[in-house]
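User: I have a two-chain model open and would like to go through it with you. Could you take my questions in turn?

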Amino acid sequence: MEELKQKLSDILKPDKKNRRHLIYLLQAVQQKSGYLSKEAMLAIADFLDIPGSTVYGIATFYNQFRFTPLGKHPVKVCMGTACHLVGGKLVLEAMARELDIEVGGITPDHEFSLDRVACVGCCALAPVVVIGDSVYPKMTPPKVEEALVIIKPVSQEQSEKQ
Amino acid sequence: MTFAEIQNQAKSDWDSLYHGQAPHILIGTATCGRAAGALSVVEAFNKELAKRNAEAKVAEVGCIGLCSLEPLVTIIKPDSFAVCYNNVIPQVVPTLVEGYVLGDDPCLDLALGTLGGGEGEAVYIPELSRFEHEHRLLLRNCGYIDPGNINHYIANGGYSSLAMALKMEPAAIIEEIKSSGIRGRGGAGFPTGRKWELCRQAPGETKYVICNADEGDPGAFMDRVVLESDPQQVIEGITIAAYTVGAHDGFIYIRAEYPLAIERLKLALEQAKNLGMLGDNILGSGFSFDIEIVEGAGAFVSGESTALMYAIEGRRSMPRARPPHSVKSGLWGKPTVLNNVKTYAYVPLIIARGADWFSSLGTEGSKGTAVFALAGKMVSTGLAEVAMGTTLHELIFDIGGGIRSGKKFKAVQIGGPSGGCLPESMLRTPVDFDSLHKAGAVMGSGGVIAMDEDNCMVDTAKFFLDFIQKESCGKCSTCRIGTKHMLDILEDITAGKGKIEDVDLLVELGEDIGGGSMCGLGRTAPNPALTTIRYFRDEYEAHILEKRCPALVCKELIAYYILPDKCERGCEHCVLACPVEAIGSTEKGIKVIDQTKCTKCGSCQLVCPPEYNAVVKLSPPSLVPAAGAKDKG
């Protein structure tokens with residue numbers, strides 16, 4: 001615990017030692033580590049002097065928090081209304097199929113993780129996929145494959161498998 | 001520095017760019033522009049200008065609201081037309097630089113039109129007829145000024161309202177806001193002046209103002225565009241509100257899914273502070289006020305005002321029963337004013353131009369303009385700002401350009417998950433708070449999504465209930481359990497397992513959930529289902545009685561089929577595209593789908609060359625000829 005707190009010392013700063021900063025602290029830790037581990041949540045609880053269950057209760061209430069690591073290229077498929085109307089679900093299914101993981105999962109090589117998001121506000125370009133910081137507009141199942149290949153060429157993928 | 005000195009300084013900064021000798025290039029780099037590749041266009045311009053040793057400057061601006069035409073580039077030259085170019089790709093940048101930046105050829109084949117207005121007037125493109133139907137107030141500077149430069153805002157009249165307001169009595173400001181007739185733009189439409197007055201009158205030294213930028217409605221992005229394109233107008237409005245009610249601390253609660261809006265807001269706050277528009281002793285008035293950004297953590301219900309305050313306190317954002325109202329006991333139990341991004345953005349305009357001017361726009365009960373996000377199957381998607389009372393028809397057909405690909409309009413979804421789906425017969429409905437409510441929809445935050453014949457209304461209702469059911473905070477059992485029941489029933493119907501009495505059960509459940517839930521989310525949750533039943537009952541009946549999805553959407557009720565007489569035998573597109581190897585060939589080379597393997601992803605239909613157009617969807621699936629299976633061999 002002390003070691004972890006040391007690691008998070010740039011986040012768990014005295015001016016943030018207030019119950020109202022709980023969500024900010026969770027966001028900052030997730031930003032740094034990619035997800036919220038049980039240990040990290042306990043460290044935050046200890047820092048704010050509140051029960052671990054409170055921290056867990058808040059973290060599980062909000063959609064932003066995840067409890068498993070994020071892939072190197074986090075894939076978010078938009079499931080907003082505009083995207084839904086033009087086949088967002090088919091894109092999500094194609095993404096799950098191509099990556100061979102479930103929604104919320106991560107590939108064994110930790111390259112990609114897959115999540116659905118409610119709306120990224122690019123409705124005019126629906127359906128939209130966000131990979132890393134890049135927005136991919138007007139996606140279709142065949143384009144899913146293309147996008148993934150550009151990020152990680154097939155040959156590399158295959159050589160890793162062998 | 002006095003405000004007049006700040007204005008002069010801003011003016012000279014602005015003039016050096018807009019009235020200098022060198023041409024300058026505006027590139028829209030809001031989120032939608034970026035998604036369409038605007039950043040690589042910026043890079044291409046910078047590279048090309050450096051290569052040619054050209055003197056022109058590049059300015060990154062926000063979004064003019066024509067999202068489907070992004071990336072949008074405007075070249076402004078002294079003593080010549082400002083020309084806009086749409087869907088610009090890096091490859092055409094050298095042509096534009098050669099043609100219009102350095103030369104006198106405006107490259108008309110690439111141009112969209114000219115840029116009119118500006119310098120305090122709303123910008124528009126006179127060549128596009130949609131602008132004749134718009135009335136832009138909040139969007140007046142969007143896509144024109146650099147959101148990262150406060151001087152641009154000030155040079156176009158910004159912050160003069162704050163300077164004026166700080167010399168007014170708060171009671172006089174409240175009177176002005178009240179007589180303007182403005183109602184909150186977050187959706188519920190509570191009179192803003194009345195809210196401020198109640199908060200000002202509430203006892204207590206410490207008061208707060210909050211800006212709700214938790215734009216959670218899927219399909220709505222007006223607040224994002226306003227914040228990314230012209231954030232200072234929002235900050236000015238919040239500051240005037242704070243002065244009026246007597247608050248010294250303000251919060252902007254913004255969803256974390258809007259990273260660019262957050263970045264631009266942070267920069268805008270910093271610049272406002274540096275010029276003394278925020279912080280201690282604002283413009284020498286003795287009034288001190290500061291704003292903190294709080295990033296939301298993704299919960300739709302956080303947009304509800306009491307829930308949002310809990311979120312700022314670091315708690316679960318679960319709405320609470322009222323009274324006490326937030327204006328008496330809000331954030332940390334203190335009197336609090338909470339308004340939407342757009343509501344605040346109107347405030348400087350009302351102060352500058354007067355309540356009479358504002359109330360002359362709009363309808364009897366809804367004053368001013370409304371900003372809508374046009375999305376879905378419209379030709380030109382993006383943002384539109386119209387006077388309240390404009391009809392849905394005008395919004396969708398005159399501004400949105402109608403339905404794309406020659407398809408037939410079916411419904412418009414307005415107001416997000418709380419709103420409703422209205423059919424063609426309701427298109428004469430004026431958009432204002434009261435008319436929409438009567439039609440079964442709500443103004444909501446302003447998302448307008450057009451649907452065509454390819455959209456299934458039962459599936460749409462299911463989509464919204466799925467969303468609401470996931471986002472229900474769980475406090476009220478009617479919402480928590482009721483929406484789950486409704487979703488289960490809709491899932492049955494779309495899977496062909498529905499019973500005809502289910503439709504009335506949905507209506508009954510919907511009415512109970514609406515009546516028995518505490519907050520706006522629960523009360524309006526059944527609207528999408530109720531309105532689709534009210535206006536499209538025949539589609540529900542087709543799903544239930546004929547096991548048929550008329551729009552060919554619901555997976556369990558459709559099958560993909562390759563028309564043998566249309567299939568071009570030598571072509572293998574569909575075979576290669578099928579992710580599950582469900583497509584084989586007959587001896588004659590005609591492609592056949594193995595229905596037991598097909599996952600109905602639609603890839604084969606997408607890749608089938610348009611000249612063959614051999615892949616069709618059939619509903620119910622029993623329409624697929626049995627011979628198809630036999631042919632397979």
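**A walk through the model**

Analyst: Happily! Let's begin with helix H14 of chain B, residues 341-353, where eleven of the 13 residues are buried, so that H14(B) is mostly covered; buried means under 20% relative accessible area, exposed over 50%, and partly exposed in between, with a 1.4 Å probe and protein chains only. Helices (H or I, at least four residues) and strands (E, at least two) are DSSP runs, numbered from the N terminus. This is a predicted model, in which local features need pLDDT of at least 70 and side-chain atom pairs count only at pLDDT 80 or more, while totals for chains, interfaces and linings use all residues. Residues are numbered from 1 along each chain as its sequence is written, chains are lettered from A and ligands numbered from 1 in the order in which they are written, and side-chain values use heavy atoms, leaving out hydrogens and water.

User: Which backbone nitrogen does a side-chain oxygen of B:Asn340 reach at the start of H14(B)?

Analyst: The buried residues of H14(B) include B:Val341, B:Lys342 and B:Thr343. At the start of this helix, the side-chain oxygen of B:Asn340 comes to within 2.7 Å of a backbone nitrogen. A polar contact is a pair of N or O atoms within 3.5 Å; within protein, one must be able to donate a hydrogen and the other to accept it, and residues adjacent in sequence count only if both atoms are side-chain atoms. The nitrogen belongs to B:Lys342.

User: What phi does B:Gly354 take?

Analyst: B:Gly354 comes just after H14(B). Its phi is positive, at about 100°.

User: At what angle do H3(A) and H4(A) pack?

Analyst: Two packed helices are described by the angle between their axes and the distance between the axes. Axes are lines fitted to C-alpha atoms, for helices over the stretch in contact, and angles run from 0 to 180 degrees between N-to-C directions. For H3(A) and H4(A) the axes are 8 Å apart, and the angle is about 120°.

User: Why is H3(A) called oblique to H4(A), and which residues of H4(A) make the contact?

Analyst: Angles under 35 degrees count as roughly parallel, over 145 as roughly antiparallel, 65 to 115 as roughly perpendicular and the rest as oblique, and the packing angle makes H3(A) oblique to H4(A). From H3(A), the contact (heavy atoms within 4.5 Å) is made by A:Met41, A:Leu42 and A:Ala45. From H4(A), the residues are A:Gly52, A:Val55, A:Tyr56 and A:Ala59.

User: Is A:Asp49 buried or exposed?

Analyst: A:Asp49 sits in the loop between helix H3 (38-48) and helix H4 (52-61) of chain A. Its phi is positive, about 60°, although it is not a glycine. With a relative accessibility of 69%, A:Asp49 counts as exposed.

User: What is the relative accessible area of A:His110?

Analyst: A:His110 also has a positive phi of about 60° although it is not a glycine. Its place is the loop between helix H6 (88-99) and S2 of chain A. A:His110 is partly exposed, and its relative accessible area is 45%.

User: What is omega for the cis peptide bond from A:Ala126 to A:Pro127?

Analyst: A:Pro127 lies in the loop between strand S2 (112-117) and strand S3 (129-131) of chain A. The bond leading into A:Pro127 is cis, with omega near -10°.

User: And what is omega for the cis bond from B:Ser619 to B:Pro620?

Analyst: Here B:Pro620 is found in the loop between strand S20 (615-618) and helix H25 (627-631) of chain B. The peptide bond is cis, with omega near -5°.

User: How far apart are the axes of H18(B) and H19(B)?

Analyst: Helix H18 (residues 457-471) and helix H19 (residues 477-494) of chain B pack at an angle of about 150°. That makes H18(B) roughly antiparallel to H19(B). The axes of the two helices are 9 Å apart.

User: What percentage of the residues in chain A are buried?

Analyst: Chain A has eight helices and four strands. Its C-alpha atoms fill a box of roughly 50 × 40 × 20 Å along the principal axes. Of the 162 residues in chain A, the buried share is 51%.
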